[in-house]
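Here are my notes on this model, set out point by point. Please read them with the coordinates open.

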Amino acid sequence: MNKLEVYIKPTCPYCIRVLDFYDSKGLEPIVYDVIAYPELRSEMEERVPNARTVPQSLVDDRPIGGCDEVMKLEEKGEFDALFT
């Protein structure tokens with residue numbers, strides 16, 4: 001299975017939404033909390049150019065975006081293909 005990673009803030013409603021979505025898909029992402037570990041924010045910004053907000057998700061080290069972008073992939077029927 002492909003590696004799914006997501007940078008979050010625990011109280012962010014968009015982060016909660018994307019984590020709930022991943023759970024509904026049976027996915028267990030590696031979660032990076034940028035509040036508990038502030039140094040992860042700069043790591044996120046290096047890995048995801050121009051990222052300033054959370055959540056930021058990556059599949060196999062490739063950025064797929066924030067909550068809105070992930071939901072658009074799902075709406076277009078393209079999300080599941082990332083894990084086949």
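1. One term before anything else: a contact means heavy atoms within 4.5 Å. By that criterion, and leaving aside residues up to four places away in sequence, leucine 82 touches Asn2, Val59, Arg62, Ile64 and Leu73. Keep in mind that this is a predicted model.

2. The sheet. It is open, has four strands and follows the order 2-1-3-4. The pairing is mixed. Strand 2 (30–33) and strand 4 (62–65) are the edge strands. Each has a single partner strand, so one side of each lacks a neighbour in the sheet. From one strand to the next, the twist averages 25°.

3. Strand 1 against strand 3. These two run antiparallel and are joined by four bridges. Leucine 4 has valine 59 in strand 3 as its bridge partner.

4. Strand 3 against strand 4. This pairing is also in the antiparallel sense, over three bridges. Serine 57 is opposite glycine 65 in strand 4. Leucine 58 is opposite proline 63 in strand 4. The two strands form a hairpin with two residues between them.

5. The hairpin turn. Aspartate 60 lies in the loop between strand 3 and strand 4. Check its backbone: phi is positive, about 50°. Is aspartate 60 buried, exposed or partly exposed? Its relative accessibility is 42%, which falls between the 20% and 50% limits, so aspartate 60 counts as partly exposed. Not counting residues up to four places away in sequence, aspartate 60 touches Asn2 and Lys3. Its C-alpha atom is separated by 22 Å from that of tyrosine 37, and the two residues are 23 apart along the chain.

6. Cover on strand 3. Which residues of strand 3 are buried on each side? Gln56 and Leu58 are buried on one side, Ser57 and Val59 on the other. Both faces are therefore covered. The general rule fits here: side chains in a regular strand alternate between the two faces of the sheet.

7. Helices on the sheet. Helix 2 packs on the sheet and touches strand 1, strand 2, strand 3 and strand 4. The direction of helix 2 makes about 125° with that of strand 1. Helix 3 also packs on the sheet, touching strand 3 and strand 4. The direction of helix 3 makes about 90° with that of strand 4.

8. The two sides of helix 3. Its buried residues are Cys67, Val70, Met71 and Leu73. Viewed down the helix axis, they fall within an arc of 155°, so they line one face. An α-helix has 3.6 residues a turn, so residues three or four places apart point the same way. The buried residues of helix 3 pack against helix 1, strand 3 and strand 4. Lys72 and Glu75 are exposed, on the face turned away from the buried side. Just after the helix, glycine 77 takes a positive phi of about 75°.

9. Aromatic pairs. How many does a search of the whole structure find? The search gives five. Tyrosine 22 and phenylalanine 79 form a stacked pair, 6.0 Å centre to centre with 20° between the planes. This pair links distant parts of the chain, 57 residues apart: tyrosine 22 is in helix 1 (residues 13–24), phenylalanine 79 in the segment after helix 3 (67–75). Phenylalanine 79 also pairs with phenylalanine 83. That pair is tilted, at 5.3 Å centre to centre and 45° between the planes. Phe21, Tyr22, Phe79 and Phe83 form one aromatic cluster.

10. Burial in the cluster. Both tyrosine 22 and phenylalanine 79 are buried. Why does phenylalanine 79 count as buried? Its relative accessibility is 1%, and the cut-off is under 20%. Phenylalanine 83 has 14% and so counts as buried.

11. The nonpolar core. The largest one has 27 residues. Tyr7, Tyr22, Ile64, Val70, Phe79, Leu82 and Phe83 touch the most other members. Strand 1 (4–8), helix 1, helix 2 (39–47), strand 3 (56–59) and helix 3 each give two or more residues to this core. In soluble globular proteins, nonpolar side chains tend to be buried together.

Conventions
Residues are numbered from 1 along each chain as its sequence is written. This is a predicted model: local features need pLDDT of at least 70, side-chain atom pairs count only at pLDDT 80 or more; totals for chains, interfaces and linings use all residues. Side-chain values use heavy atoms; hydrogens and water are left out. Rings of Phe, Tyr and Trp (its six-membered ring) pair if their centres lie within 6.5 Å; planes under 30 degrees apart count as stacked, over 60 as edge-to-face and the rest as tilted. Buried means under 20% relative accessible area, exposed over 50%, partly exposed in between (1.4 Å probe, protein chains only). A nonpolar core is a set of buried Ala, Val, Leu, Ile, Met, Phe, Trp, Tyr and Cys residues joined through side-chain atoms within 4.5 Å. Two strands pair if DSSP finds at least two bridges between them. Axes are lines fitted to C-alpha atoms, for helices over the stretch in contact, and angles run from 0 to 180 degrees between N-to-C directions. The arc is that of the directions from the helix axis to the C-beta atoms.
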